Amino acid sequence: MAPSRIRLNDSLSRPADLAVALGLAEGGTEASAFWISGAFSHIARLWPLILLGKLCTVALLHVPLGSIYSILTLLFMLLIDGVLIVGPRAERFHNQRPHVQKWLMLPAVLLSSVTFSMLLGPARFAGPLSFSLAAEVAMALIAISVFGDRRLLGVSYFLGTLIVSAVQGAGFAQIGMLLSCIAVMLIAAVRQATVDLERAVTRHQQDLRAQRSDRLLQEYEQSGQGWFWETDRQGCLTYLSEPLARTLNVPEDDLVGRPITDIVSAGDHQNGGGERTLGFHLSARTGFSDVHVRAAATRDERWWSISGQPVFNEYGQFHGFRGSGTDLTEMRRSQAEVQRLAQFDSLTGLANRVQMLQSLEDAVAGARGQPGDCALLMLDLDRFKTVNDTLGHPAGDALLRQVSQRLQRVVGNRGLVGRQGGDEFKVLLPGGQDRALLSQLAKTIISTLSQPYTIEGKVVVIGVSVGISCCPQDGETADALIRNADLALYAAKGDGRGVHRFYSSEMHADAEGRRQLEEDLRHALASDGLHLVYQPVVSSKTERVTGYEALLRWIHPVRGEISPSIFVPIAEDTGLIGSLGEWVLRTACHDAAQWEEDIRVAVNVSPIQFANPGLPATVMNALAAAQLAPQRLELEITESVFLNDDEGTDAMFSRLKGIGIRLALDDFGTGYSSLGYLKKAPFDKIKIDQSFVRGAVMTGSRNSAIIKAIVSLAEALGMDTTAEGAETQDELALIRDLGCSHIQGYVYGRPLGASDVLARHRVHGTVALVEGFQSSRPERKTMLRTVAVHADGHAYTGRIRNISATGAMIEGLWNVPSGMDLTVEFSDVHSVDAVVRWSRDDRMGVEFAGAIDIAAACALPRSLAS
């Protein structure tokens, strides 16, 4: 802002501004008040000289002091001058506003002049001018010189002399001279006041700008964003910001006088010129900007950007350098963090996809144009999505961090561990790798990562599948190795998860078949290409059907019937399981609504479906659409839903039971069985897995004892039991004897379509029909293998159609009599004695003399009999 310009002619028309200029009124904030009151202390310090001059004048003029009047006047003069000497120095005086101080000084100066003039008495002319008047004028002039630019005080002093002269009847010449002096002083005072005010305003604005600049610079320094420095002609510091001195942990006084290059480390070509570049500019006396240097002798590594300009005086003489600096440490750390994030995964700290790809490309590049030796392991966590869905993403992130730590401990310095993204990881092992060692490493990884984790106070169990590809056998490029390791990983997941697989060329066809199967499954779901069949569940006490289990079937137009064990995992992996499960639930409820009211329908629920919060709503919609009573619907749930047991699992059980449906624990005893599940979950039924039923009647089998224990446990908990997989009548009898409340299996016939169920009910009602074989037999394996059959000294060629550990069905020999002894030769070194138990046309059933190892017998090559 430009300072105010106050002119004399303006002051005449603006009395308020003139009063401010003269210091008689309080001004605004455009000027410092010191310009009004700053001279008062100086006047007080010099006023003893005025008093001394007065006393000397009184003595030289031989002023009579014999009268009381003269003595009182002298004492009053001393008192007034004493006030002028002491008053302006007092703190109380300084605490007054400047214009108040001026108003206090004016009457004091007036009284000082009045008392001195009264003490000298009336002017008596001796010649042109009286001595007393000369003394008064001389003293006034001396006072004016003391007042300096406070000329209004001089006017007040002359006014006091004029008043006394007028009262004492001075002549016209004396009065006129005093009036002339007052007029001149008044004009000078007005003019000087306007100039002083203008100067004060200008100086005040300059001071404000300087103070503002100082404050801004101080704030800038204190904020730590930057600092300032100054050197002399020799490059030694004459000033350095205090915050920088604290950073260097050196007192500011110790830094002053030292070369500025002492606080900078020597530079290098990679990280900037440092001390070398800075020294060059200082010696060349040229300006420089943004020179990056590293601080010397600091506790941690710090980087600065320094700028400076040479300082010359008006004659061109060099005085030194003056400049600024900023701290680049955080910026460099941020840049380093950005570079780290570009190479490492922010969650786990492992190498990210970019670094892994670059490292893999370097590993396969090899030397001299030949591909390098390396191995790539692709890892995928099993059941990780369930953790995310049930415990939330923060828990999933914590789990990934623990997985990465375990993985790094297992691999160690043998290779590079990276995160591909999501729940997928990579391990790159450079150099030639032995297949057996790779297999052992994969097994160790699977075992280590499958151990329980503690996440937010809850125990979590997951698994991992591993796919392995090697260079150059499985590919000579990074893309080929990644693709083939992925195929091996899919094969490992397809083989039941929790295993490792090496890449083989057949996996390409398998992957393409899987992709095509996924596409066909989508089409089948959209075009009603799937259907349900129902397997009866029979009461062991009443021999009546109490319900049916809905089983999903898919007859592919080209491949024929496809097992649910093949297409259901595909549906789970591709996200189709939600739509598929909802369709099964709606269809099963619709079909069950047409049965008798006391027959239930059981529907299997995938763990992924169970983890979906919308499952209860889906169940209620299906029941409402079919007008089916809730107690007629039974959901079969496997133990895998408890792998991440938490409040969400308990809440889901509570919501489902609140609907009124029944819950069954499926495949009990085959998974992560825990009695804690039965204690917490509100199951109505336990389903005993068919693996315990099969072979239970065999001599020496412990399965019957296990079934009995499960039945006892269920009865104690008030739950029903269903034995799955009963195929023969002797198994049926055993299950009844063991106390199972319900039985399910092929002994009551194959599963039926919805229309067949209704037809059977119309004919037989709910009476169960036993259709299975009379007795159990060992598990048979269907095959087609050529063997040599020796009988009565002759060798014949036959083909085994199916085989078990105790016998086989052989075709190709006609009308062989029952009870005939013969020898079956599987290979040149392996044969077994057998006896014919039945014969029909070109087929016969033989019983081996002893149990054999089917896998070993069928794996041996043989020479065909001639």
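Modeller: Helices are DSSP runs of H or I with at least four residues, strands are DSSP runs of E with at least two, and both are numbered from the N terminus. By that rule, the secondary structure of this chain comes to 31 helices and 30 strands. This is a predicted model, in which local features need pLDDT of at least 70 and side-chain atom pairs count only at pLDDT 80 or more, while totals for chains, interfaces and linings use all residues. Residues are numbered from 1 along each chain as its sequence is written, and side-chain values use heavy atoms, with hydrogens and water left out.

Biologist: What separates Glu518 and Arg522 in helix 20?

Modeller: Glu518 and Arg522 are four residues apart in helix 20 (residues 506-526), which means that about one helical turn lies between them.

Biologist: Why is the pair of Glu518 and Arg522 called a salt bridge?

Modeller: The term asks for a side-chain nitrogen of Lys or Arg within 4 Å of a carboxyl oxygen of Asp or Glu. The closest N and O atoms of Glu518 and Arg522 are 3.3 Å apart, so the pair meets that cut-off. By this rule the count comes to 21 salt bridges.

Biologist: Are Glu518 and Arg522 buried or exposed?

Modeller: Neither word applies, because buried means under 20% relative accessible area, exposed means over 50%, and partly exposed covers what lies in between, with a 1.4 Å probe and protein chains only. Glu518 has a relative accessible area of 23% and Arg522 has 39%, so both residues count as partly exposed. Elsewhere, Glu549, Glu636, Lys687 and Glu724 are joined into one network by salt bridges that share partners.

Biologist: What makes Arg258 and Asp262 a salt bridge?

Modeller: The closest N and O atoms of Arg258 and Asp262 are 3.9 Å apart, so this pair also satisfies the distance rule. Arg258, at 32% relative accessible area, is partly exposed, and Asp262, at 37%, is partly exposed too.

Biologist: Which parts of the chain does the salt bridge of Arg322 and Glu230 tie together?

Modeller: The side chains of Arg322 and Glu230 meet at 2.9 Å, N to O. Arg322 belongs to strand 7 (residues 318-327) and Glu230 to strand 1 (residues 226-231), so the bridge links parts that are 92 residues apart in sequence. At 46% relative accessibility Arg322 is partly exposed, and Glu230 is partly exposed at 25%.

Biologist: Why are helix 4 and helix 7 called roughly parallel?

Modeller: Angles are taken from 0 to 180 degrees between N-to-C directions of axes fitted to C-alpha atoms, for helices over the stretch in contact. Angles under 35 degrees count as roughly parallel, over 145 as roughly antiparallel, 65 to 115 as roughly perpendicular, and the rest as oblique. Helix 4 (residues 40-60) and helix 7 (residues 98-120) pack at about 5 degrees, with their axes 12 Å apart, and helix 4 is therefore roughly parallel to helix 7.

Biologist: Which residues of helix 4 meet helix 7?

Modeller: With contact taken as heavy atoms within 4.5 Å, Phe40, Ile43, Trp47, Lys54, Thr57 and Val58 in helix 4 meet a set of residues in helix 7, including Met105, Phe116 and Leu120.

Biologist: How do you know that strand 15 and strand 16 pair?

Modeller: Two strands pair if DSSP finds at least two bridges between them. Nine bridges join strand 15 (residues 530-539) to strand 16, and the two run antiparallel, so the requirement is met. Val538 stands opposite Val545 in strand 16. The two strands form a hairpin with five residues between them, and Glu543 in the turn has a positive phi of about 55 degrees.

Biologist: Which other strands pair with strand 16?

Modeller: Strand 16 pairs in the parallel sense with strand 18 (residues 600-605) over three bridges, where Gly547 has Arg600 as its bridge partner. Three bridges also join strand 16 to strand 17 (residues 560-562) in the antiparallel sense, with Ile555 and Glu561 as bridge partners, and these two strands form a hairpin with three residues between them.

Biologist: What makes strand 16 mostly covered?

Modeller: In strand 16 (residues 545-556), 11 of the 12 residues are buried, whereas buried residues make up 46% of the 866 residues in the chain.
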